[in-house]
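Biologist: Could you take one part of this model and look at it closely for me, starting with contacts and working inwards? Please give me the cut-offs as you go.

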Protein chains: 2
Amino acid sequence: MQTSILPLQLNERNYFFLPLLYIVWSDTLLGERERQVFTDFIGRISWLSPSEKQNLLERIAPNNPPQRDEIEQWHQLIHATTSTLGQLDRLSLLGVALVKEQTDLRLTPEEEALIQADLEKLEQELEIIGESAIYLFKREHPTITTTQQTSVDFDVKELTALLDGDQASIIKEVKNLLQRPEFDYVDPGDLKAYRTAVLSWCKLVADAGFGSIAYPKEYGGKGDMEAYFSVMETLSFHDLSMVIKFGVQFGLWGMSILSLGTESHHAKYLPKIGTLELPGCFAMTETNHGSNVKGIETTATYQATEKTFVIHTPHALARKEYIGNAAMHGKMATVFAKLVLNEKDYGVCAFVVPLRDEEGNTLPGITITDCGRKMGLNGVDNGVIAFDHVVIPKENMLNRFSDVTDDGTFETPIASDNKRFFTMLGTLVGGRIGIPRSALSACKSGLSIAIRYGDKRRQFGPEGGEEVPILNYRMHQRRLIPHLAKTYAGHFAMRYMTKRFMNRQEEEMQEIEALAAGLKAAITWNTTDLLQECREACGGKGYLSENRIDALKNDTDVYTTFEGDNTVLMQLVAKTRLGAYRAQFENMNLVTIFNYVAARTKTSLTEKNPLIIRNIDEEHLLDPAFHLSAFEYREKDLVDSAAKRIKRLIDEGMDPFDAFNVCQHHLVAVGKAYIDRIMLEQFVLAVEAGKGASFHRVLKHLCDLYALSVLEENKGWYLEQGYLEGVKTKAIRKMVNQLCWEIRKDAVPLVLAFDIPDTCLSAPIAFI
Amino acid sequence: MQTSILPLQLNERNYFFLPLLYIVWSDTLLGERERQVFTDFIGRISWLSPSEKQNLLERIAPNNPPQRDEIEQWHQLIHATTSTLGQLDRLSLLGVALVKEQTDLRLTPEEEALIQADLEKLEQELEIIGESAIYLFKREHPTITTTQQTSVDFDVKELTALLDGDQASIIKEVKNLLQRPEFDYVDPGDLKAYRTAVLSWCKLVADAGFGSIAYPKEYGGKGDMEAYFSVMETLSFHDLSMVIKFGVQFGLWGMSILSLGTESHHAKYLPKIGTLELPGCFAMTETNHGSNVKGIETTATYQATEKTFVIHTPHALARKEYIGNAAMHGKMATVFAKLVLNEKDYGVCAFVVPLRDEEGNTLPGITITDCGRKMGLNGVDNGVIAFDHVVIPKENMLNRFSDVTDDGTFETPIASDNKRFFTMLGTLVGGRIGIPRSALSACKSGLSIAIRYGDKRRQFGPEGGEEVPILNYRMHQRRLIPHLAKTYAGHFAMRYMTKRFMNRQEEEMQEIEALAAGLKAAITWNTTDLLQECREACGGKGYLSENRIDALKNDTDVYTTFEGDNTVLMQLVAKTRLGAYRAQFENMNLVTIFNYVAARTKTSLTEKNPLIIRNIDEEHLLDPAFHLSAFEYREKDLVDSAAKRIKRLIDEGMDPFDAFNVCQHHLVAVGKAYIDRIMLEQFVLAVEAGKGASFHRVLKHLCDLYALSVLEENKGWYLEQGYLEGVKTKAIRKMVNQLCWEIRKDAVPLVLAFDIPDTCLSAPIAFI
């Protein structure tokens, strides 16, 4: 017997109980019930003498706890045993081993078997799971969770090349520019300083030729709209106020001149807009009319005698609100107003209205109020503009879609006011493409920060082992890795969207507008969710502005609102899918001709195959054909049921306006299902095209994860429809967990493939 | 025949087609297919002459569109007809009426019947839904959606009295204070100015006696902890930086002295803390250790010769981080550090360490760095503190749970290091109660702003009718009204939580800690979601800082992180529910004794009753007994399955640490289900107690909506388990829509019942 254990006030035979005693005392888990079980047990056993029993009872008495040093000695003693004997999975085995190894007691095999059996019974009666109890005594403790780590087994540059595609060189140019020291981030606290910095950044971007890149060559540009989107997307790795100011100036202001004006406007304004010599605004939204643009109340009244228009704000709530570039820098604006000829309203048209003189003073009749501090984008000088009978020359009417003769006669190639208005809006669809592409860059930044931090940050760990990177925890993986998959999905979908837009034909316009609106809504909503997860996943560090998740979240928050409120957009998308429209995407009230698609789609709905609804083979679960058919089924069934439901309500005598309102929730689901299907299709195509590439395995994993996590999000719907059974949705959940676990080791290289310049990413926690 | 229609270039008999022509041309819906159908139809009919047919064919030729003025004349003509004849539900009826009323043609009954029948056929072939087409011609257009509006049919003050309960007078006092002009909001841009304003607000709050209210009377307080929570909750209608600074000073700093110190500390510090004469910090978190507090590395080494402790930061990542009050105002701090006696580690203890002298200069050995700008709470001066061998006298050890004798011997009433540490943390549980109560106030502010704005803001409307308040739209209701129900649910749950805490017994501590942690996590997560919805629901206005949703969202965002990361907390809650713990709530690694609850809960699980799983009677759907049993079933089943799953994994040889990691997602679901059940129970009790009150009906509706929307959120799970069938989850969705619709008219009075002072609410959009 070793001397070290002498002062333990425990009879030698009671050393069998040492592991048990340690556990119940060190963690004070000995409740009334357990003490009773223990006491009864002591009474029953045959292999302790009355005095030994008395000693043991004393050691479990509530009023006689061991001292701190005593507990520590027990622990050392037990530790010494396990380290000798290695793997033991029950406290009873450990107790017997301890006695045999560290006391002078010698047991016969029969005696040992009896004691062992009794101790096991006690363990059971106390409801102890031996393996988990033994856990506390382990010293070296490598677990599966501990050992998971980043490993790069594909060519990151190859994946970057896929993502950048034929835009690689312009992307590279923009990144080079952004890495210049002039682009150091500034504190957003001082509005004026921040806005000034943002203007100077935009000037640098313009100086590099990126502002005018989409404009025709004859006006200083390169006629490359696709490059414009790539510039906006790449700039979005940096400050997003700069991106929005860039978009206002070169996109909204410049493109309104290009799309709504005619040659004289192009020649007069575009060259100066592209260089930022002429900062301007896009003044459409009014306080009382944001989503419902058709309802704007600003008027443009023609005066034939003077050949001028009078631009006027009839009341305070008809002022132009949230107008970017207005509060400080804008010198002119494209103003949307109702054209009035001979006191008759000819609908919304666009006019170029000067706001400030060369010195920056507002012109007579113009009143501009600063929108003040916002949730984000504080580097953009949004303002409220009021016009008090502001006179502009006739040639300032942007007259591509409608014009006024000198004597005041209205002329237009599009007779229908509705059609003309929505055709005009349709030319501005490019804005809807820039926003989700900018949002995706913010997603990529957020994920890069959160995933790189999660890969290094350690917290908690197995008893006695080192702490574990938080990205090894399943919940952490679940928060971030499906979003990584969604971001890749969004990337491929927006590349597809852009190509469709670049090659658009007149007859595709309605589909393209629906695609752009739906992708804008889906991706910007997802951005809000994703950045919220990133913030929380980075804990306190995620709350510090230096780590930029703050700015990414707050700057992109309004992306769900501007360029069309997401909820409104999703309803418009849905109406398109129901066939309620033909050519006029944004017409909220147009429910006139209702091509009853339900009757047509019904027959094409995939039959619910009883073999499919409960097939949980891994091969099937990871089969893109299964994913695609499940996504298509959801889309078609939702379209079908929405169409039928609206028709039934109208048939029953409900006003169509009410019927559409009753089904709003349903319609938004239609829009989402459509976009989900588009995104999956494009992701699957990208994976197929990547066959043979080093990244093919991981891209396939990501695509599977995208598909299965969308199915999981919608499992309630699939179960309700009987398209999936519970056994399968459970298998899908398990597979999502499994894929997150597998992709974890690729997560860092997957964000490195975004190739975000360090100076842009900037967050210290991404570089620990 | 009226002269006005003469220039229409349309034969008289073709006026039958005018409504149809108007629709296809005004909205350009005449595609190739429709033109073919139309042409075929013209060929077939017997009642037009060849020249009339020729005239009609010309009017649908693609190269011959009508002029704008012509279309407008058609519209006027059609309009005149409908206004005479009133309700007509098909274009064919309208066409016939128009001809009879506005031309000289006279038809025999047979002729009319034939034409009517033919036109109907054409309408069908073109797939036009007549009712929706007619819609475009309606002038006066009252719809159900248009007419919904706020009506107050209960006593709002009576509901406020229920919400405030026995805390009404202290709540009133705090509101009176907040309405003083000194509490005008400040711009958060200038950190120094903002922090100075927040300090001065806290001083005013302290001067009113609210800071010390929880402290014992002998130290200047009122010994009223419940009032302390009410103060914090009410202050949270105002600036949340002030609330957190208040919580740091009087809660964390003061309560750490009260809970961890002994009489001499109380006498020495509490009077000065309560008046804010002695601003202080609570320095627990370190850069490397946030959630895993047990791992902190700051040391407190005893020097027996000097009777002093040396407080030391061993490396930069062991600095105290995010410490409120540290960057500018804190003069002292409760510092958590590992006690070292004779080079041996005795675990984490707490010490009072002076940081600054009277003039505000940091003391020797103390280095404080400003955390800088944060996502929110910028009025709180968070800092990073490093200690370089800072010497403090022995009496600065907060010695309630452990002490050191003069000669350096460790003394403690709690022998187990684990137990002592977690008991110490347990005394600080009050912080976990203050946070969700503050969060609920932010929810109430956000909902008040968004719902009051939604009630007034109009956008879109039926054709020819006025625009509709956006709160009348179903999607808008779905975004806000279930959150209103959840906020009421949270209110009642936190009132229950507070009462449990106030009346706590030693043996309930583990349950109370689990309740507090779970409610903190559930409510703060919900706050993040809710304020995000409010932001989006208010569109661009919601993005402007003047409307405060910005600050509410960003200030509360870190509530999901501090006072315990929500994901970690939910796992601890779940482990408690699995019986994995007894007395030490926060011990992440304690998996030792696993009281296998599954065996016990199994028998008590509600049987799946085939009559219940598809019962969609309204009475049943609105029956609290159904709600409660469904919530209980989910909780018990998740506990049962998690317990079995973890046991199985460990039985199969998995390391317990890994097993718990594999089940993390499952464990978080257990925690949520537990809290959902608690919240429903308390809401149901509140509704029952409100029988006879004027608000009883609306409160019952809200409670039903709370229950059903939680069931809807979890419908995937219920369907997977076979507890609900698809027919029932669909009925639940419909009922959620219905309840949102019904509660809409009560929504404004329901937020008015929160009785938030106008000066606190402040957002201009809440007052339009």
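**Contacts and what lies behind them**

Modeller: Happily! Let's begin where the chains meet: 104 residues of chain A are in contact with 104 residues of chain B, contact meaning that C-beta atoms, placed from the backbone, lie within 7 Å. On chain A, that side is made of 38 nonpolar, 39 polar and 27 charged residues. Here Ala, Val, Leu, Ile, Met, Phe, Trp, Tyr, Cys and Pro count as nonpolar, Asp, Glu, Lys and Arg as charged, and the others, Gly among them, as polar.

Please keep in mind that this is a predicted model, in which local features need pLDDT of at least 70 and side-chain atom pairs count only at pLDDT 80 or more, while totals for chains, interfaces and linings use all residues. Residues are numbered from 1 along each chain as its sequence is written, and chains are lettered from A, ligands numbered from 1, in the order in which they are written.

A turn of 180 degrees, with a shift of 0.0 Å along the axis, lays chain A on chain B with an RMSD of 0.1 Å (least squares on C-alpha atoms of residues with pLDDT of at least 70 in both copies). That is how a two-fold axis relates its copies. Both copies use the same surface, as 100% of the contact residues of chain A recur in chain B.

Within chain A, the domain assignment (automatic or from a database) gives domain 1 (3–139), domain 2 (180–428) and domain 3 (431–767). In chain A, 26 residues of domain 2 are in contact with 30 residues of domain 3. On the domain 2 side, α12 (225–235), α13 (240–260) and α15 (417–426) of chain A each give two or more residues; helices are DSSP runs of H or I, at least four residues long, numbered from the N terminus. The largest share, six residues, comes from α13(A).

Further in, the largest nonpolar core has 409 residues, and A:Phe351, A:Phe683, B:Phe351 and B:Phe683 have the most contacts inside it. Such a core joins buried Ala, Val, Leu, Ile, Met, Phe, Trp, Tyr and Cys residues through C-beta atoms within 7 Å. Buried means 20 or more other C-beta atoms within 10 Å of a residue's own, exposed 12 or fewer, partly exposed in between, with C-beta atoms placed from the backbone. Leaving aside neighbours within four places in sequence, B:Phe351 is in contact with residues including B:Phe309, B:Ile311 and B:Leu398.

Finally, helix α27 of chain B (residues 664–689) has 21 of its 26 residues buried, so it is largely enclosed by the rest of the structure.

Definitions and conventions: Contact = placed C-beta atoms within 7 Å.
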